[in-house]
Amino acid sequence: MTSADAPAHPHSDSGFARARHNFRTWRRTRPFWAGLLVLLAAAPIIYFPYFNLSLGALSVAMSTTAGAGSLAIGLTLIVLGGLLWFQPIIRFFAGCVAVFLGVLSLPISNFGGFFAGTLFAATGGLLALAWGPVDEGIPGGIIGSEGEPGNG
């Protein structure tokens with residue numbers, strides 16, 4: 001066997017490469033990064049109102065009366081992030097609600113998880129609003145003057 005007979009990508013049919021290709025294909029058909037940012041926004045919003053720090057005998061507690069509101073906002077953001085991944089058709093609704101909840105978390109949840117949760121939620125929600133599915137039926141994505149592909 002010579003080097004000319006060897007396949008260009010010897011491990012291209014391995015399970016890892018196939019799984020990576022399938023994940024990449026799945027990721028490109030939905031607002032993946034928007035859903036990930038919305039999911040990440042929930043972490044600081046839920047965490048900081050229940051935060052306890054012990055420094056020897058000194059205990060610092062960030063617990064506030066807004067703990068229930070923070071939990072509700074965080075759990076809703078987790079659901080919205082999952083919906084963006086698995087139901088991309090509702091991206092407009094989920095994006096609007098994520099931006100709204102991110103801004104709402106500012107007064108309710110310790111400045112929106114010290115602004116980190118607000119920034120993640122707003123960025124993820126805006127990415128969800130901006131995302132649109134690619135029309136695979138149009139070669140090159142060019143639409144002609146009469147609305148038919150390739151007539152322009």
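Which residues do ring pairs link into a cluster? The answer is Phe 23, Trp 26, Phe 32, Trp 33, Trp 85 and Phe 86. Keep in mind while reading that this is a predicted model.

## The chain at a glance

Let us start with the overall layout. The secondary structure comes to 6 helices and 2 strands, and along the sequence the elements follow the pattern α-α-β-β-α-α-α-α. The two strands thus sit between the second and third helices in that order.

The chain has 152 residues, of which 28% count as buried. Take the contacts between residues at least 6 apart in sequence: 64% of them join residues at least 24 apart.

## The aromatic cluster

Now back to the rings. The chain holds 8 aromatic pairs. One of them joins Trp 26 and Phe 32 in an edge-to-face arrangement, with 6.2 Å from centre to centre and 75° between the planes. Trp 26 is partly exposed, because its relative accessibility of 25% lies above the 20% limit for buried residues. Phe 32, with a relative accessible area of 11%, falls under that limit and is therefore buried.

Trp 26 also pairs with Trp 85, again edge-to-face, and here the centres are 6.4 Å apart and the planes make an angle of 70°. Trp 26 belongs to helix 1 (residues 15–27) and Trp 85 to helix 3 (residues 67–86), so this pair ties together parts of the chain that are 59 residues apart in sequence. Trp 85 is buried, at a relative accessible area of 16%.

## Helix 2 against helix 3

Two members of the aromatic cluster, Phe 32 and Trp 85, turn up again where helix 2 meets helix 3. Helix 2 (residues 32–47) packs on helix 3 at an angle of about 165°, and the axes are 8 Å apart. Because that angle is over 145 degrees, the two helices count as roughly antiparallel. Their crossing is left-handed.

From helix 2, the contact draws on Phe 32, Ala 34, Gly 35, Leu 36, Val 38, Leu 39, Ala 41, Ala 42, Ile 45 and Ile 46. Helix 3 answers with Ser 70, Leu 71, Ile 73, Gly 74, Leu 75, Leu 77, Ile 78, Leu 80, Gly 81, Gly 82, Leu 84 and Trp 85. Sorted by class, this contact has 17 nonpolar and 5 polar residues, with no charged ones.

Thr 76 is another residue to look at in helix 3. With a relative accessible area of 34%, Thr 76 is partly exposed. Its C-alpha atom is 9.6 Å from that of Leu 39, although the two residues are 37 apart in sequence. Leu 39 is itself among the helix 2 residues that meet helix 3.

## Helix 4 against helix 6

How do the axes of helix 4 and helix 6 cross, and within what distance do they come? The axes of helix 4 (residues 91–108) and helix 6 (residues 116–130) come within 8 Å and cross at roughly 160°. That makes the two helices roughly antiparallel, and their crossing is left-handed.

On the helix 4 side, the contact is made by Arg 91, Phe 92, Gly 95, Cys 96, Ala 98, Val 99, Gly 102, Val 103, Ser 105 and Leu 106. On the helix 6 side, the partners are Thr 118, Ala 121, Ala 122, Gly 125, Leu 126, Ala 128 and Leu 129. By class, there are 11 nonpolar, 5 polar and 1 charged residues in this contact.

Helix 4 also contains Ile 108, which is partly exposed with a relative accessible area of 28%. The C-alpha atoms of Ile 108 and Ile 45 are separated by 9.3 Å, with their positions 63 residues apart along the chain. Ile 45 is one of the helix 2 residues in the contact with helix 3.

## A positive phi at Phe 115

One backbone detail deserves a visit. Most residues other than glycine have a negative phi. Phe 115, however, has a phi near 70°, a positive value in a residue other than glycine.

Where does Phe 115 lie? Phe 115 is in the loop between helix 5 (110–114) and helix 6. At 48% relative accessibility, Phe 115 counts as partly exposed.

Notes: Residues numbered from 1 in each chain as written. Predicted model: local features only at pLDDT ≥ 70, side-chain atom pairs only at ≥ 80, totals over all residues. Heavy atoms only, no water. Phe/Tyr/Trp six-rings, centres within 6.5 Å; stacked < 30°, edge-to-face > 60°. Buried < 20%, exposed > 50% of the residue type's maximum accessible area, 1.4 Å probe, protein only. Helix = DSSP H or I, 4+ residues; strand = E, 2+ residues; numbered from the N terminus. Axes fitted to C-alpha atoms, helices over the stretch in contact; angles between N-to-C directions. Parallel < 35°, antiparallel > 145°, perpendicular 65-115°, else oblique. Left-handed = near helix turned anticlockwise from the far one by under 90°. Contact = heavy atoms within 4.5 Å. Nonpolar A, V, L, I, M, F, W, Y, C, P; charged D, E, K, R; others polar.
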